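Trainee: I have a structure open and would like to talk it through with you. Could we start with a single residue and work outwards?

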Protein chains: 2
Amino acid sequence: MTSPVTITAPEGTPFIEIVRDFDAPIAAVFNAYADPDLVRRWNGPNGYEMRIDAYDLTTGGRYRYVHADPEGNEYAFTGVFHRVRPDELIIQTFEWEGMPDEVSLETMRFSDLGDGRTRVSGWSVFPSIEGRDGMIENGMERGVVEGFERLDALLAH
Amino acid sequence: MTSPVTITAPEGTPFIEIVRDFDAPIAAVFNAYADPDLVRRWNGPNGYEMRIDAYDLTTGGRYRYVHADPEGNEYAFTGVFHRVRPDELIIQTFEWEGMPDEVSLETMRFSDLGDGRTRVSGWSVFPSIEGRDGMIENGMERGVVEGFERLDALLAH
């Protein structure tokens with residue numbers, strides 16, 4: 001079962017909220033965020049290759065990964081995990097290296113909807129309203145929607 | 001010489017800007033942020049004791065410190081360093097543990113004003129406007145102003 005993504009980006013604010021439900025138990029959904037071998041299989045837009053250089057989903061850990069499009073253009077992302085509580089919470093920084101030092105802070109909360117279903121609620125804060133708007137204009141939604149659809153498929157196995 | 005602090009918190013936004021000039025070269029000012037033995041001597045309001053549990057000012061490092069007021073009440077702060085470039089830039093998360101999971105992101109830029117003077121420009125982003133307002137109402141300004149005055153004294157030696 002595939003659910004819609006709700007992306008909310010109130011005008012004149014630096015915030016983005018992303019909410020998505022999954023037809024899988026919370027431990028399985030969290031694990032798909034925690035295990036780099038799984039992350040690689042669902043994160044990002046369709047048709048991109050994902051290479052993970054570092055991915056230590058623990059409080060104080062860091063990550064760096066690269067999405068390569070079919071033409072071989074690479075997009076690298078990096079950050080640190082401020083707080084991780086398994087099956088509950090991830091707070092991390094997020095930077096696209098193509099726009100260095102423009103860092104956002106993301107909080108993802110995992111909640112049990114019952115009946116083996118799970119909600120992931122993400123809250124991103126950007127250092128400026130323009131930075132937030134730029135992220136949306138640069139196709140963020142496509143990567144989010146397509147990535148979550150691949151995550152549905154991964155969780156169904 | 002002591003300079004005023006400029007604190008700007010535009011109404012209806014989650015941002016705080018803090019700008020302060022110091023009568024010392026950039027390497028000395030940055031070092032006062034980098035060396036925990038120095039940080040302990042200037043950070044926070046007057047009359048508080050500062051205990052540092054962790055302080056690794058490098059990209060991917062983390063920190064945790066505790067301010068204790070004269071009555072012995074403790075206020076703990078923790079975060080990770082997303083990016084550090086000596087004498088130039090610190091990007092870090094910031095959490096007061098008394099309000100868990102309410103994390104802000106701080107960017108501090110160090111710039112050379114010439115004549116041995118240095119500007120530190122800080123930009124904080126909070127996950128909500130209410131969180132930003134709460135930080136201001138809870139006496140942030142006093143800690144900033146008094147801390148920077150003690151930093152002036154430290155740099156004058």
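Trainee: Is B:Gln92 buried or exposed?

Mentor: Keeping in mind that this is a predicted model, B:Gln92 has a relative accessibility of 9% and is therefore counted as buried, the cut-off for that class being under 20%.

Trainee: And which element does B:Gln92 sit in?

Mentor: B:Gln92 belongs to strand β6 of chain B, which covers residues 89–96.

Trainee: What is B:Gln92 in contact with, leaving aside its neighbours within four places in sequence?

Mentor: With those neighbours set aside, B:Gln92 touches B:Tyr63, then B:Val80, B:Phe81 and B:His82, and also B:Ser104, B:Leu105, B:Glu106 and B:Met108.

Trainee: OK, switching to B:Arg142, where does that one lie?

Mentor: B:Arg142 is in helix α4 of chain B, and with a relative accessible area of 43% B:Arg142 is classed as partly exposed, since that class lies between the 20% and 50% limits.

Trainee: Which residues is B:Arg142 in contact with, again without the neighbours within four places?

Mentor: On that basis B:Arg142 makes contact with B:Pro45, B:Asn46, B:Tyr48 and B:Gly147. For the pair B:Arg142 and B:Pro45, the C-alpha atoms are 6.3 Å apart in space, although 97 residues separate the two in sequence.

Trainee: Staying with that helix, at what angle do α1(B) and α4(B) cross?

Mentor: Helix α1 of chain B, residues 26–34, and helix α4 of chain B, residues 140–155, cross at roughly 120°, and their axes come within 11 Å. The two helices are therefore oblique to each other, and the crossing of α1(B) with α4(B) is right-handed.

Trainee: Which residues make that contact?

Mentor: From α1(B) there are B:Ala28, B:Val29, B:Ala32 and B:Tyr33, while α4(B) contributes B:Phe148, B:Leu151, B:Leu154 and B:Leu155. Sorted by class, the contact of α1(B) with α4(B) holds eight nonpolar residues, with no polar and no charged ones.

Trainee: Now over to chain A, how do α1(A) and α4(A) pack?

Mentor: In chain A, helix α1 (residues 26–34) packs on helix α4 (residues 140–155) at an angle of about 120°, the axes being 11 Å apart, and that makes α1(A) oblique to α4(A). Their crossing is right-handed. On the α1(A) side A:Ala28, A:Val29, A:Ala32 and A:Tyr33 take part, and they meet A:Phe148, A:Leu151, A:Leu154 and A:Leu155 of α4(A). The class count for this contact in chain A is eight nonpolar, no polar and no charged residues.

Trainee: What about A:Ile136, which helix is that in?

Mentor: A:Ile136 is in helix α3 of chain A, residues 129–137, and at 34% relative accessibility A:Ile136 counts as partly exposed. Apart from neighbours within four places in sequence, A:Ile136 is in contact with A:Ala9 and A:Ile16. A:Ala9 is 127 residues away from A:Ile136 along the chain, yet their C-alpha atoms are separated by 8.7 Å.

Trainee: Zooming out, how many helices and strands does chain A have?

Mentor: Chain A has four helices and eight strands, and read from the N terminus the order is β-β-α-α-β-β-β-β-β-β-α-α. Chain A is as compact as a globular protein of its length, because its radius of gyration of 15 Å is close to the 15 Å that the globule rule gives for 157 residues.

Trainee: How much of chain A is buried?

Mentor: Buried residues account for 51% of the 157 residues in chain A. As for contacts in chain A between residues at least 6 apart in sequence, 45% of them join residues at least 24 apart.

Definitions and conventions
Residues are numbered from 1 along each chain as its sequence is written. Chains are lettered from A and ligands numbered from 1 in the order in which they are written. This is a predicted model: local features need pLDDT of at least 70, side-chain atom pairs count only at pLDDT 80 or more; totals for chains, interfaces and linings use all residues. Side-chain values use heavy atoms; hydrogens and water are left out. Axes are lines fitted to C-alpha atoms, for helices over the stretch in contact, and angles run from 0 to 180 degrees between N-to-C directions. Angles under 35 degrees count as roughly parallel, over 145 as roughly antiparallel, 65 to 115 as roughly perpendicular and the rest as oblique. A crossing is left-handed if the near helix is turned anticlockwise from the far one by less than a right angle, and right-handed if clockwise. Contact means heavy atoms within 4.5 Å. Ala, Val, Leu, Ile, Met, Phe, Trp, Tyr, Cys and Pro count as nonpolar, Asp, Glu, Lys and Arg as charged, and the others, Gly among them, as polar. The radius of gyration is taken over C-alpha atoms; the globule rule is 2.2 Å times the number of residues to the power 0.38. Buried means under 20% relative accessible area, exposed over 50%, partly exposed in between (1.4 Å probe, protein chains only).
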